[in-house]
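Biologist: I would like to go through this model and ask what stands behind the words used for it. Please set each value against its cut-off before you conclude.

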Amino acid sequence: MTVQTLNCLLERFPKVGICELPTPMRPLKNLSRHLGGPMIWEKREDLTGQGMGGNKLRKLDRVLYTAIAEGADVLVSGGVIQSNSQRQVAAAAAMLGLDCHLAVYHGRVEPPTAQYESSGNALLNRLYGATLHDVKWAGDRNGLVESLAAQLSKNGKQPFVVPYGVSDGMGAVGYASAVAEFALQSKAAVFTPSAIIHCSGSCASQAGLVVGAQIALPECDIVGIDIDAEPKRVRADVVQFVHAGAEILGLPIVEDVEDKVEVVAGHAGPAYGVPHDATIEALKLAGRLEGMTLDPVYSAKGLAGLIALVIANRWSKSDHIVFVNTGGVPALFAYAEVLSV
Ligand SMILES: *Cc1c(COP(=O)(O)O)cnc(C)c1O
């Protein structure tokens, strides 16, 4: 099977048109030389479009088609104050002319600084016109969002609840489109990627990559770095969304899918949203050597995981691997003091 097969399958699921694709891919020559391992490429998923980009827009592009088709007039979502997902939902709502109500969880992450409450994504959510509802984190990711949606319905609105992190079967289908770009861009640069490495949180990005790679890049490993300090939960969720995504696409469920889902533990630091030394080192190294902007909650932990795998000789010098910059830059400013940069 090929890129054309993947694109044909995906074309059956219309988009709302909020993404600017394909995103660029570029070689990280200085970082690769510094590490002395494989050639590392950066896929710029921080440049997916409006609202300062990020990997959620690619998922929203397809997930929100249903919302519009159902006549929704307000998007409802839940996440922490510095959630990139919330920010992209707020930007998508603005672009589509919908209202946006966000349940903002307090207490999941100990605010590291005063900026955490007001700058970065918190500031952008307000800028994009979202209405924020402060709620206490109870571990129940979806309950609070559901009650917010019920309240909006009572008031005569037509809410559409965006799944947590824009992760469900259709979110995975949306993200599978990235694989077609990896396949074409690597072919144009005359290499076949040995692995695609990214950080995994709500899991439909990894699920989409696993499903898409089966069709268009079967030799390529998809390596998810756990940033939640919950590797078992992450792996189970990826597997669930692989099944859900494959079902939507009408693909046979691969029997060894469990073996194909690789979630690497040990790089999340003490908890979600808490950067540790390796996170900060990776973030600074990428900035200094490549002018790259990573974030301390997601992508820098992902790069820390990638660096550890390179040091452990997972790949040879002749390999090419792709690091997905999933785009969480606004959160960087909420952590400026902690990073002491
Ligand atoms: C959400 C997010 C991820 C993780 O993607 P999932 O699909 O939720 O697993 C990675 N990086 C950034 C910057 C994110 O915002």
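**Reasons behind the labels**

Modeller: Ala-229 sits in the loop that runs between β8 (221-226) and α10 (231-249). Please keep in mind that this is a predicted model.

Biologist: Why is Ala-229 called partly exposed?

Modeller: The relative accessible area of Ala-229 is 37%. Buried means under 20% and exposed means over 50%, with partly exposed in between. The 37% of Ala-229 falls in between, so Ala-229 is partly exposed.

Biologist: What makes the backbone of Ala-229 worth a remark?

Modeller: Ala-229 is not a glycine, yet its phi is positive, at about 60°. Most residues other than glycine have a negative phi.

Biologist: Which value does phi take at Met-52?

Modeller: Phi of Met-52 is near 65°, again a positive value in a residue other than glycine. Met-52 belongs to the loop between β2 and α3. Its relative accessibility is 48%. The cut-off for exposed is over 50%, and 48% does not pass it, so Met-52 counts as partly exposed.

Biologist: Where is Gln-50, and why is it called partly exposed?

Modeller: Gln-50 is placed in the loop between β2 (39-44) and α3. At 49%, its relative accessibility is not over 50% and not under 20%, so Gln-50 is partly exposed. Gln-50 and Ala-92 are 42 residues apart in sequence, and their C-alpha atoms are 8.0 Å apart in space.

Biologist: What makes the bond between Leu-21 and Pro-22 a cis peptide bond?

Modeller: Omega of the bond that joins Leu-21 and Pro-22 is about 0°, and the bond is cis. Most peptide bonds are trans. Pro-22 is in the loop between α1 (3-11) and β1 (25-27).

Biologist: Now the helices. How do you know whether Ser-186 is buried or exposed?

Modeller: Ser-186 has a relative accessible area of 2%. That is under 20%, so Ser-186 is buried. Ser-186 is part of helix α8 (residues 169-188).

Biologist: What does the side chain of Ser-186 reach?

Modeller: It reaches the backbone oxygen of Ala-183, at 3.2 Å. The cut-off for a polar contact is within 3.5 Å, so the pair formed by Ser-186 and Ala-183 counts as one.

Biologist: Which contact does the side chain of Gln-86 make, and is Gln-86 buried or exposed?

Modeller: A polar atom of the Gln-86 side chain lies 3.0 Å from the backbone oxygen of Ala-103. That is within 3.5 Å, so this is a polar contact. Gln-86, found in helix α4 (residues 84-96), has a relative accessible area of 1%. This is under 20%, so Gln-86 is buried.

Biologist: How do you know that Asn-121 is buried?

Modeller: Its relative accessible area is 0%, which is under 20%, so Asn-121 is buried. Asn-121 lies in helix α6 (residues 120-127).

Biologist: Why is Leu-251 called buried?

Modeller: Leu-251 has 15% relative accessibility, which is under 20%, so Leu-251 counts as buried. The residue is in the loop between α10 and α11 (257-260). The C-alpha atoms of Leu-251 and Ser-202 are separated by 22 Å, with their positions 49 residues apart along the chain.

Biologist: Turning to the ligand, which residues come nearest?

Modeller: Of the 16 residues around the ligand, Lys-56, Lys-59, Ser-202, Ser-205 and Thr-326 come nearest.

Biologist: What makes the pairs at Lys-56, Cys-203 and Thr-326 polar contacts?

Modeller: A polar side-chain atom of Lys-56 is 2.9 Å from an oxygen atom of the ligand. At Cys-203, a backbone N or O atom is 2.8 Å from a ligand oxygen atom. At Thr-326, a side-chain N or O atom is 2.6 Å from a ligand nitrogen atom. The cut-off is within 3.5 Å, so each of these pairs is a polar contact. Taken alone, the ligand exposes 370 Å², and the protein buries 99% of that.

Biologist: Which elements supply the shell around the ligand, and how do its residues divide?

Modeller: At least two shell residues each come from α3 (55-69), β7 (195-200) and α9 (204-216). The largest share, three residues, is from α3. By class, the shell has four nonpolar, nine polar and three charged residues. The space that the ligand takes is the largest cavity.

Methods: Residues numbered from 1 in each chain as written. Predicted model: local features only at pLDDT ≥ 70, side-chain atom pairs only at ≥ 80, totals over all residues. Heavy atoms only, no water. Near = heavy atom within 4 Å. Polar contact = N/O pair within 3.5 Å; in protein donor to acceptor, adjacent residues only side chain to side chain. Areas by Shrake-Rupley, 256 points an atom, 1.4 Å probe, with all protein chains shown as cover. 1 Å grid on protein atoms, 1.4 Å probe; cavity = no way out; pocket = protein on both sides within 12 Å on 5 of 7 lines; lining within 4 Å. Sits in = over half its atoms within 2 Å of the grid points. Helix = DSSP H or I, 4+ residues; strand = E, 2+ residues; numbered from the N terminus. Nonpolar A, V, L, I, M, F, W, Y, C, P; charged D, E, K, R; others polar. Buried < 20%, exposed > 50% of the residue type's maximum accessible area, 1.4 Å probe, protein only.
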